[in-house]
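I opened this notebook to record what I looked up in the structure shown below. My entries follow the order in which I made the queries.

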Amino acid sequence: MIHDPSTPSRPRRVLVANGTYESAYGIVRSLVESGAQVHVAHSERAQDVAVSRLIAGAHPVPPPRRAYDHLTAEGSAVLPDPFAGAVLDLARRIGADVVIPTDDDEVVALASHREEFTDAGILCTVPAMATARTMMDKYLAVTAAAAAGIPTPRTARVDDLAGLRAFAADQGYPFVFKKRVSSGSKGVRVIRSAAQLDRAYEDFAGSPAMAQEYVPGEREPSINAIRDAGGGFRLVLSLRKQRYLNTSVSTCIRIVPALPETDAALRFLDAVGAVGFAAIQVRENPLTGEHLFIESNTRWGANSRMLLPLLRRQGYRAIEHFVAAWEGAGRYEGATHRPESGAAVSPVEDLLAVESFARHRRTVGLRGGPTIGWGTLARAYWESYGRSKPLVTDYLFASALSDPRAAASTLRRAFRERRREDLSFLPLGELTARP
């Protein structure tokens, strides 16, 4: 492997953990295009990338413990995790150079046993446990973000029901009540009355929680970066999500000029010791135009299935730079890639999103909540397909032609998850009016 931190790395053999997420497919395709041999460790049989023709092998492993268990362990104790041990044994057996997780539970499980991979000479792309704890515990993250100068909503840690009621009395309704460790919009409630407050507290009993000022609006752009282990940034870009299939999967993305909070976001990543790819998600207040910190992520997300090929088409080999960032011993002194334009769309999922918005209109409209009109939606699709000519990076359609088993498995899972999801929480994103 190339160890010069100023040049992209081309790993020989990579183990991608968890083949059941959209991000995994984007990572696998990018790695294969870079010339790597890719294996997948999966905890579910016949799921998505685990059945892909692109990979050299699929290997079942036990599922990881919940990130919550590791991050809230008393005294920061290292908990045993069969997943981490199985991945380490597998990486040794297949001779993997690099291990890349694609899920929060996996990131934390591997981070808690990171030194074992280092001792084995295997590059495991997870942060130190202290970094993972700060970035994934929403209370610690918002505290660090405020210290770095990122605007943040008013926030308070909640230790008991009396504390939550005191916050409500001071802040007023509505406000947000959320678990400190959660992902995918799970464990987040908008509290609009005292009755809702009591029910939510009972539902969250036993989980570390926090209360926050409610920030109106639907737009949640993000600041994304690849940071070297020794400091310095290889990639910095701002991303807007045009439309969503569900609460955590967008179907159309656009690279835009740097958000005003970019410098503060980079200070945050320096302060917490982030390495590799990281994302800072903010919410745009439609009344003021200000972007307020929502959360931080330490791994490639679902958008990578569109972002990675978009960057590659623009001439930037992001996945190789990602691996090289972990290998660097000194501060990265090369030029930082700062794209300010480009769009990508996943048409099959984008068509499914029409039905998602129809369900959103039915459920939210009956409650008298905010919805969008069909004319607004039609104009958004025209903007994407008729005027902008974005890079079409539909991993489902491409896979149906070249990798049909993976495409079929992915589509089946997408339909199962959509049936279970409450789409009244579907983000309206860029479909809402700008401030």
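The entries below cover confidence, nonpolar cores, cavities and two loop residues.

**Entry 1: confidence.** I noted at the outset that the model is predicted. I found an average pLDDT of 85 for the chain, with 84% of the residues scoring at least 70. I then asked where in the chain confidence is lowest and where it is highest. Helix α15 (residues 395-402) has the lowest confidence, with a mean of 59, while helix α10 (residues 262-272) has the highest, at 98. I also marked residues 1-5, over which the pLDDT is below 50. This stretch nevertheless has 16 contacts in the model beyond near neighbours in sequence. I keep in mind that predicted coordinates should not be read in detail where pLDDT is low.

**Entry 2: nonpolar cores.** I looked up the largest nonpolar core and found that it has 40 residues. The members that touch the most other members are V16, I27, L31, W300, L311 and F322. I asked which element gives the most to this core. Helix α12 (residues 318-327) does, with six residues. Apart from this core I recorded another, of 30 residues, including F83, A84, V108 and A132.

**Entry 3: F322 and the cavities.** I listed the contacts of F322, leaving out residues up to four places away in sequence. F322 touches I100, T125, I226, G276, F277 and W300. I next searched for cavities and obtained two of 30 Å³ or more. The largest cavity holds about 70 Å³ of space. Its lining consists of I100, P101, V107, T125, V275, G276, F277, T298, R299, W300, F322 and W326. The elements that give two or more residues to this lining are β4 (98-101), β13 and α12. I noted that F322 and W300 appear in the cavity lining and also among the core members that touch the most others.

**Entry 4: two loop residues.** I asked whether S34 is buried or exposed. S34 sits in the loop between α1 (22-33) and β2 (37-42). With a relative accessible area of 7%, which is under the 20% cut-off, S34 is buried. A polar atom of the S34 side chain lies 2.6 Å from the backbone oxygen of L31. I then turned to T288, in the loop between β13 (276-284) and β14 (291-297). T288 counts as exposed because its relative accessibility is 54%, and the cut-off is over 50%. A polar atom of the T288 side chain lies 3.2 Å from the backbone nitrogen of E290.

Note on methods. Residues numbered from 1 in each chain as written. Predicted model: local features only at pLDDT ≥ 70, side-chain atom pairs only at ≥ 80, totals over all residues. Heavy atoms only, no water. Core = buried A, V, L, I, M, F, W, Y, C linked by side-chain atoms within 4.5 Å. Buried < 20%, exposed > 50% of the residue type's maximum accessible area, 1.4 Å probe, protein only. Helix = DSSP H or I, 4+ residues; strand = E, 2+ residues; numbered from the N terminus. Contact = heavy atoms within 4.5 Å. Polar contact = N/O pair within 3.5 Å; in protein donor to acceptor, adjacent residues only side chain to side chain. pLDDT = per-residue confidence, 0-100. 1 Å grid on protein atoms, 1.4 Å probe; cavity = no way out; pocket = protein on both sides within 12 Å on 5 of 7 lines; lining within 4 Å. Points joined across faces, edges and corners; volume = space filled by probe spheres on them.
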